Amino acid sequence: MEEAELLVDAASRLSEPFLLVIVGEFNSGKSTFINALLGRKYLQEGVVPTTNEITLLSYSEVDSESIERCERHPDGQFTCYLSAPILKEMNLVDTPGTNVILQRQQRLTEEYVPRADLILFVLSSDRPLTESEVGFLQYVQQWKKKVVFVLNKLDLYRNSDELEEATAFIKENARKLLNTEDVTLFPVSSRSALEVKLSYSNNNDREHHGEVLLSDPRWRSSKFYDLEHYLLSFLDGSTDNGKERVRLKLETPIGIADRLLTSCQRLVKLEYEKAIDDLTSIRDLVSGANSYALKIEADSNSWQKQISSLIERAKSRAITLMESTLQLSNIDLIFTYMLTGEKGPSAKATSFVQNDILSPALDDAADLLSEYSKWLSSSNTREANLYLECFHERWNSLVSQEESGSSDRTELVNEGEKLSIKALDGFSATAAAKVFEEEIREVATGTFGGLGVAGLSASLLTSVLTTTLEDLLALALCSAGGFLAISNFPGRRKLAVEKVSKAADELSRKVNEAIQKDISQSASQLVQFVDTASKPYQEACQRKIDWLQGVQGELSAVERKLQTLKIDIQNLHGS
């Protein structure tokens, strides 16, 4: 936006003389050309230091070649006041050269291009359109300035064919570089023209000065007259060039404004597109939080497998113990369960189930669920922080600290107690062992309770007799109903085992269900947290989008006004 100063400067210069900026490579003969145009050696070493600096030549009534008539500005630019008549209505700017090395000089030269009402591009016949000149013309084209080419050092060409070839080359390339079909080119010999003018400088007959020059063959061969006549016609308001001078003068600030407007529209468009992309990206991030449940569920599988495996191992050990206990070979142990009753002391197997199987498994499961709960809380916090870091890193400039600070409470993603920790609250190792004991007692009572004294005696005999033949003999002595009761024993044992298995599976299901609810709750809390955390950024993006849309509307209005001014200027030239 530093170029906005150029617009202010150009607008302030509307009432000042026509500004003719002369550019070209160092040693292209710019100083000689200017001296020839002015009719005296104003630009000579020790008088006006123009070789290495930008110099503005303005009119002064005082006829002096003193260095004191030049003012040096802080940026290194000179303003010199000369008494040359052409400067009454036209200011000249001499530039160091398109091939200068110092960046400061190049910057000052480029700053004068947009201010120029007309640019005279001086080319040297021995090296027309060098790399630096082409680059500078490309810069000039950005400002759409009218350029008049001066092919200096005409006397270097040996014949007209070489001259025609050079002019054709320059015009062809200039059309491409400036994107125009109208290329104005004047081949001249500035040195010859200056020598002729200096030879007649003491002639006081100003009225016939032009006729005298035309009579001199050196002046005619320099071809300087055509160029000089062209430039002087810009000062005559009755000529087409004079009318064009007015148009060019008015178009200078319009051209700068047009360039600024185009740059602003481009920048605003880029900012608008970026704001739209930012808002879309934020919304995509928020939507992405919905997939957290799938991610955390996949990561939870190992925990669920460990807990399920722990319960499965305890179940397997309890079932193995029950099956080994409920064997006919353990009839004495079975009768112990029958005879002790519910209020009697627990059998050895029952104590083993409680102390060696269920209690350790329950403690391990509780520890695992506690670790899982901590892991889940840690995962939630880490995920929430990742979102916050992403918001801060990418869009922190959009919001104030106060706006974004309220979303830093990552503890919000872990509100409420984890259900998985409570999943084992209703399960007691002591109570489960009692159930285990009752199941064994129920099998024993259901099987042997109806045998009576004889049946019990026979059953006891099978436990003490050493051979199968003896067992059969003992049972034969008993009632025939004993066979029927004992035949139901495997079925009753199977039902007892199934009850134990079902109880373990129910516990496993309950734990897994609690884990799933924790996952669902965690995902829901994270989505809510991310949505809340993103609100300031989404709102900031939307405000920026709305503002940029307003700016685009304002720029469009300015564009319409500029277009109206351009039409008015063209009509002014036509009238």
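This report describes the sheet, the disulfide, the aromatic pairs and several individual residues of a predicted model.

## The open sheet

Eight strands form an open sheet with mixed pairing, in the order S3-S4-S2-S5-S1-S6-S7-S8. Its edges are strand S3 (70–72) and strand S8 (184–187), each of which pairs on one side only. On average, and with direction ignored, neighbouring strands of this sheet are turned by 20° against each other.

Within the sheet, strand S2 (residues 55–59) and strand S4 (residues 78–82) run parallel and are joined by five bridges. Ser58 stands opposite Tyr81 in S4.

## Helices packed on the sheet

Helix H2 (residues 30–38) packs on the sheet and touches strand S1 (18–24), S2, S4, strand S5 (90–94), strand S6 (118–124) and strand S7 (147–152). The direction of helix H2 makes about 160° with that of S5.

Helix H4 (residues 131–142) also packs on the sheet, where its contacts are with S1, S6 and S7. The direction of helix H4 makes about 170° with that of S6. Strands S1, S6 and S7 are also among those touched by helix H2.

## The disulfide and other cysteines

The structure holds one disulfide. It is formed by Cys70 and Cys80, whose sulfur atoms are 2.2 Å apart. The torsion about the S-S bond is about 115°, so this disulfide is right-handed. Because Cys70 lies in strand S3 and Cys80 in strand S4, the pair ties together parts that are 10 residues apart in sequence. The disulfide thus involves a residue of S3, which is an edge strand of the sheet.

Both partners are buried: Cys70 has a relative accessibility of 14%, and Cys80 has 0%. Two further cysteines also count as buried, with Cys264 at 19% relative accessibility and Cys390 at 19%. These two values lie under the 20% limit for a buried residue.

## Aromatic pairs between helices

A pair of aromatic rings is described by the distance of the centres and the angle of the planes. The structure holds 13 aromatic pairs. One of them joins Trp303 and Trp375 in a tilted arrangement, with 6.1 Å centre to centre and 40° between the planes. This pair links distant parts of the chain, since Trp303 belongs to helix H11 (residues 292–325) and Trp375 to helix H13 (residues 348–395), 72 residues apart. Trp303 is buried at a relative accessible area of 14%, whereas Trp375, at 21%, counts as partly exposed.

Phe391 and Tyr537 form a stacked pair, with 5.2 Å centre to centre and 20° between the planes. This pair also links distant parts of the chain: Phe391 lies in helix H13 and Tyr537 in helix H20 (residues 489–574), 146 residues apart. Both rings belong to buried residues, with a relative accessible area of 0% for Phe391 and 0% for Tyr537. Helix H13 therefore contributes Trp375 to the tilted pair and Phe391 to the stacked pair.

## Ring cluster and charges over rings

Phe18, Phe186, Tyr230 and Phe234 are linked into a cluster by ring pairs. Two arginines lie over aromatic faces. Arg115 is placed over the face of Tyr112, at 5.3 Å from the ring centre. Arg259 is placed over the face of Trp143, at 4.6 Å from the ring centre.

## Ser508 and Glu172

Ser508 has its place in helix H20, the helix that also contains Tyr537. Ser508 is buried, with a relative accessible area of 15%. Leaving aside residues up to four places away in sequence, Ser508 touches Ser308 and Ile311.

Glu172 has its place in helix H5 (residues 160–178). With a relative accessible area of 43%, Glu172 is partly exposed. Glu172 and Val183 are 11 residues apart in sequence, and their C-alpha atoms are 8.8 Å apart in space.

Note on methods: Residues are numbered from 1 along each chain as its sequence is written. This is a predicted model: local features need pLDDT of at least 70, side-chain atom pairs count only at pLDDT 80 or more; totals for chains, interfaces and linings use all residues. Side-chain values use heavy atoms; hydrogens and water are left out. Rings of Phe, Tyr and Trp (its six-membered ring) pair if their centres lie within 6.5 Å; planes under 30 degrees apart count as stacked, over 60 as edge-to-face and the rest as tilted. Helices (H or I, at least four residues) and strands (E, at least two) are DSSP runs, numbered from the N terminus. Buried means under 20% relative accessible area, exposed over 50%, partly exposed in between (1.4 Å probe, protein chains only). A charge sits over a ring if NZ of Lys or CZ of Arg is within 6 Å of the ring centre and within 35 degrees of the ring normal. Two strands pair if DSSP finds at least two bridges between them. Axes are lines fitted to C-alpha atoms, for helices over the stretch in contact, and angles run from 0 to 180 degrees between N-to-C directions. Contact means heavy atoms within 4.5 Å. A disulfide is a pair of cysteine sulfur atoms within 2.5 Å.
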